[in-house]
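Me: I'm new to this structure and would like a close look at a single part of it. Could you walk me through the place where the ligand sits?

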Amino acid sequence: MADQAGDGRVTGEGLVLREWTEADLPAMVELFDNPEVARWTPLASPFDLVAAARYLDAGHADTRRLHLAITTDGRQPLGEVLLSLDHRSIGLAITPTSRGEGLAVRALDLITTYAHETLAFPRVIAEIEPGNTASQLVAHRAGYRPAAEEPQLLTSRGREIVVVIWEHLAAASGQDGPMAETGVRLVGDGLVLREWREGDLPAMVELFDDPAVAYWTPLVTPFDERAAKAYLEVAQADNGRIQLAITTDGGRPMGEVLLMPETLSAGYAVGSQYRGQGLAARAVNLITAYAHDVAGMPRVMLEIEAENEASNSVARRAGYRLTEVEPRWVTEKGRKLALYTWEHLA
Ligand SMILES: CC(C)(COP(=O)(O)OP(=O)(O)OC[C@H]1O[C@@H](n2cnc3c(N)ncnc32)[C@H](O)[C@@H]1OP(=O)(O)O)[C@@H](O)C(=O)NCCC(=O)NCCS
C-alpha cells in the first residue's frame, strides 16, 4: 500500500519519500558524487554543491518527473527515486553509506505501487544497462522482469549505452516470489526446464544423494528428505536465482540447471541414471541463451575444477571458453579446491 499525503509525500514500507529542499544540498552531494552514480546515471560528475543547486532547481521546474528523496522519517535523505510521468519509468540511487540495507528494493516497491495504484499506470519500466548487476538484482527483487522489447541504444553524457527494458505490470503486484510471476519455463532441444515443485522432493533425493554430486558440488551430503525440503525452499525463494528442473516433457526431473545473477554464473547437476545423454549440455545451452537474451546478461560464467572432466566437457560442448582468470580457491566440505572460470559471451 502506498499512501500519498497532501504535501506530495509517498509513505509505506517504513519509508517516507518526500520533495527535496534547499537544506538537502550537502546530502545530495553525498548521494550523487560517487563513481557508481557517475558510471550508471546521466548526472553531472563531479557532483558538487553548484551541481546540487542546479539539480534542485531543475527538479522543481520539471513537472513531468517526480524527484523524491528517500528517507525513513521525512528528514535525512538516504537516496533518491525518480518517476517519469511521460515515460512511466523509474530511476533510483542510494547514498553509499546506506547501501546493503534493502532500502533500494523497498523504495522501488513503494514507488511502483504508487504508480500502479495512485497514478493508475498499468506498466512501469526501468531501463538498466546489462552490466549493472546491482540494479538488475534490485529490479528483480521488486518484481520487475525483462520486457519483450528489444534493448535500446541511448546516448548518455556523450557515451552510447544499451539499456534493457524491465517492466512491472499492475497485475503482478502482490504475488509471491519471482517465479510465481514469471513461471520461467524454457523449452528447446528436446528439453523442458521448469520450476521445482513440492511433488519433486523424492526425485530431488534420488538425483542429489549421489557421490559425484556430493564431491563436485556444494550441495549437502547426505542429501535426504530434509535437505530436499530446505533446497526446495531456497529454490522457490525470492532470491533472484533461477533454479530449474531438467526434464524432457515437463514431468520427471532428471537434473537441475541454475542461473545466479548475483555472480553472473550458472551451475548444473544430472542424476547418475540420466548422465551421458547430453542433458547437461543442452540445459546449459538453453539457460545461457535465456541469460543473454532475456535477462540481458552479456557474460555468463561457470566455475569448475580442472579435474571434473564431465563438467569441463559440458562447458566446452555448450560453447563456453576457459578464461585466463586465476582459479578461485575455496574450502567446501573440508576439501580445499580450485575453481576455474569459464565464460560465454552474448
Ligand atoms: C557434469 C554432469 C552434470 C554432466 O551431465 P551429463 O548430462 O551426463 O552431461 P552430457 O551428457 O550433457 O555430456 C556433455 C559432454 O560431457 C561429456 N561427459 C559426460 N560425462 C563425462 C565423464 N564422466 N567424463 C568425461 N566426459 C564426460 C560427454 O561425453 C559430452 O561430451 P561430448 O559432447 O564431447 O560427447 C554430471 O556428470 C553431474 O551431475 N556430475 C556431478 C555434479 C557436477 O559435477 N556438476 C558440475 C559442477 S561444476
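Reply: Sure, let's start with one contact and work outwards. A nitrogen atom of the ligand lies 3.4 Å from an N or O atom in the side chain of Ser313. Keep in mind that this is a predicted model.

Two other contacts involve oxygen atoms of the ligand. One such contact is with the side chain of Asn308, where an N or O atom is 2.9 Å from a ligand oxygen. In the other, a polar backbone atom of Gly276 sits 2.7 Å from an oxygen atom of the ligand. So how much of the ligand does the protein cover? On its own the ligand has 930 Å² of accessible area, and the protein covers 71% of that.

Now for the residues around it. There are 20 of them surrounding the ligand, and Gly276 turns up again among the closest, together with Val270, Gly278, Ala281 and Arg317. If you sort the shell by chemical character, you get ten nonpolar residues, seven polar ones and three charged ones.

Which elements give two or more residues to this shell? They are the helices α8 (211–216), α10 (279–293) and α11 (309–317), plus the strand β15 (265–270). Some of the residues you've just met can be placed on that list: Val270 falls in β15 (265–270), Ala281 in α10 (279–293), and Ser313 and Arg317 in α11 (309–317).

The helix to linger on is α11, which gives the most to the shell, with five residues. Which of its residues are buried? Those are Ser311, Asn312, Val314 and Ala315. Looking down the axis of α11, you'd find these buried residues within an arc of 155 degrees, so they line one face of the helix. A bit of background helps here: an α-helix makes a turn every 3.6 residues, so residues three or four places apart point the same way.

What about the face of α11 turned away from that buried side? Exposed residues are found there: Glu309, Ala310, Arg316 and Arg317. Arg317 is worth a second glance, since this exposed residue of α11 is also one of the closest to the ligand.

To pull it together, then: the ligand has polar contacts with Gly276, Asn308 and Ser313, the protein covers 71% of its 930 Å², and α11 gives the most residues to the shell around it.

Definitions and conventions:
Residues are numbered from 1 along each chain as its sequence is written. This is a predicted model: local features need pLDDT of at least 70, side-chain atom pairs count only at pLDDT 80 or more; totals for chains, interfaces and linings use all residues. Side-chain values use heavy atoms; hydrogens and water are left out. A residue is near a molecule or strand if one of its heavy atoms lies within 4 Å of it. A polar contact is a pair of N or O atoms within 3.5 Å; within protein, one must be able to donate a hydrogen and the other to accept it, and residues adjacent in sequence count only if both atoms are side-chain atoms. Accessible areas come from the Shrake-Rupley method with a 1.4 Å probe; for residues, only the protein chains shown count as cover. Helices (H or I, at least four residues) and strands (E, at least two) are DSSP runs, numbered from the N terminus. Ala, Val, Leu, Ile, Met, Phe, Trp, Tyr, Cys and Pro count as nonpolar, Asp, Glu, Lys and Arg as charged, and the others, Gly among them, as polar. Buried means under 20% relative accessible area, exposed over 50%, partly exposed in between (1.4 Å probe, protein chains only). The arc is that of the directions from the helix axis to the C-beta atoms.
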